[in-house]
Amino acid sequence: MNKIIITIFLIQLSFFAKAQYQVSPNAKGPGFYMNPIFAGDYPDPSILRDGDNYYMVHSSFEYYPGLLVWHSKDLINWKPVTHALHKKVGSVYAPDLVKYKNKFYIYFPANGTNYVVTADSIDGKWTEPIDLKIGNIDPGHITDEQGKRYLFFSDGGFVPLSDDGLSITGNQKSSYKGWPIPRDWSIECFCLEGPKLIKRGKYYYLTVAEGGTAGPVTGHMVVSARSKSLSGPWENAPHNPIVRATSLSEKWRSKGHATIIDDVKGNWWMVFHAYEKDFYNKGRQTMLLPIEWTKDGWYKVPAGITDSEPIRKPDLAPSKTDFKLDDNFEGDQLKPQWAFFEELDVNRFKLDGNGLSVKAKGNSIGNSSPLLCIPEDHSYTVDVEVSIEGKATAGLALFYNSTASSGILANNEDIIADLRGWQVRAEKEVVNKHVFLRLKNINNTVDMYYSVDGVKWNKIENSFEVSGMHHNVLSGFLSLRIGLCSIGEGKVTFKNFKYKPIK
């Protein structure tokens, strides 16, 4: 009898333990999500809640069109809405997306000044960029209790804005000096940046990044402070840094540039970016963590929550996305995943129902202003069908910047391997103005293939390795992207772009 009782007790205990595990924040299941919520190069996230809709925008750097706005209902699944920037103004980074009196604004630095674009609807049409004619970087918008508008900048100072938010109306005033980083920590620099502000209760809360954007794993971090006045004094949070990598073994490192937001259910979240161990070339990926408010009015990440383990999903309306990188180049507009490097010449490309035709330019991958998209996975294959006219050369490449790229090229006759600018004629006289090209990337080792019929694929001799193509090696804060190249004279028509993850 005693054995039966003990057995029943053990079964009940086991069931209780399983139940406890099922409601723990790190349990696996359909009610949980894994970071990142944006896989690939989505740095400097700025998030906005408008009713039960959530919108996000990221740095777009040298890629045009820029400032792609995303939408979600559940903070996990996102759909692209529209690009807010079509005029080239330089390298665009650290934007701030805000809504004020039924109008949307994006403030951003570029080319040594700061700009703003506006729209009456998030879908656009967005205005041409307006130069605010003020230096500094990383603008962060805030409205005070009197309805006056201000922009904070990366040095902790702020300036007053006009009521319409389209001009600066006074001089910059110093306000926040930052959180003192212990001298024995390994950081890139002090580098106060990315101020984001909210008003909650009697306090303004300022969230900033410190420690340098890249460099050491342990450098970039999230710091918080609060004040009853925008002029200060600011009190640094006792939980600083709110988020920081502390070990070389961590999956996510150089974590920073955070924005905090409440959801429609009253829960609070933080979006930020981070580099991934062994995959720095993917750029800074967008992360999401829950935060909680303490009784004494500070926010922090709840105990037991880590960015590399499953986290319970927000209890919000379901949101789905059908966003895919595959593209048959139908319709009369480029899909939102595409952007040209360093230019947007609308006269250079055409969608006519028979594919995407791009006029040839330059004499290499680097100066051809390739059309780029962001790979989401560690391993994948990508294919494209090309038709070649004139003296053009078609290419399918992995592209970091104008001096760092590799890929497979095809002219009217030959297949060419381009290895960091060194070109090798890999296959002679196998092309007749039409060919299929493929890259197969397995954890940063890339093989190259071609096909004359799209069925039988031929691997060429040459392969390349891309793990070192990232900011800590090459600078620029960019990422390794998939590029479609039209080089030389003539034009290349692209069809049937296919992206397939390899799990």
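**Rings and charges**

Colleague: Why does phenylalanine 497 count as buried?

Modeller: Its relative accessibility is 1%, and buried means under 20% (exposed is over 50%, partly exposed in between, with a 1.4 Å probe and protein chains only). Phenylalanine 497 therefore counts as buried. This is a predicted model, where local features need pLDDT of at least 70, side-chain atom pairs count only at pLDDT 80 or more, and totals for chains, interfaces and linings use all residues. Residues are numbered from 1 along each chain as its sequence is written, and side-chain values use heavy atoms, leaving out hydrogens and water.

Colleague: What makes phenylalanine 38 and tyrosine 42 a tilted aromatic pair?

Modeller: The whole structure holds 26 aromatic pairs. In this one the centres are 5.0 Å apart and the planes differ by 50°. Rings of Phe, Tyr and Trp (its six-membered ring) pair with centres within 6.5 Å; under 30 degrees is stacked, over 60 edge-to-face, the rest tilted. Phenylalanine 38, at 4%, is buried, and tyrosine 42, at 11%, is buried.

Colleague: How do you know that tryptophan 338 and phenylalanine 497 are edge-to-face?

Modeller: Their planes stand at 75°, with 4.9 Å centre to centre. Tryptophan 338 has 1% relative accessibility, so it is buried.

Colleague: Which residues form one aromatic cluster?

Modeller: Phe38, Tyr42, Trp70, Trp78 and Phe323.

Colleague: What puts lysine 199 over the face of tyrosine 204?

Modeller: Lysine 199 lies 4.8 Å from the ring centre; the rule asks for NZ of Lys or CZ of Arg within 6 Å of the centre and within 35 degrees of the ring normal. Arginine 438 lies over the face of tryptophan 457, at 4.0 Å.
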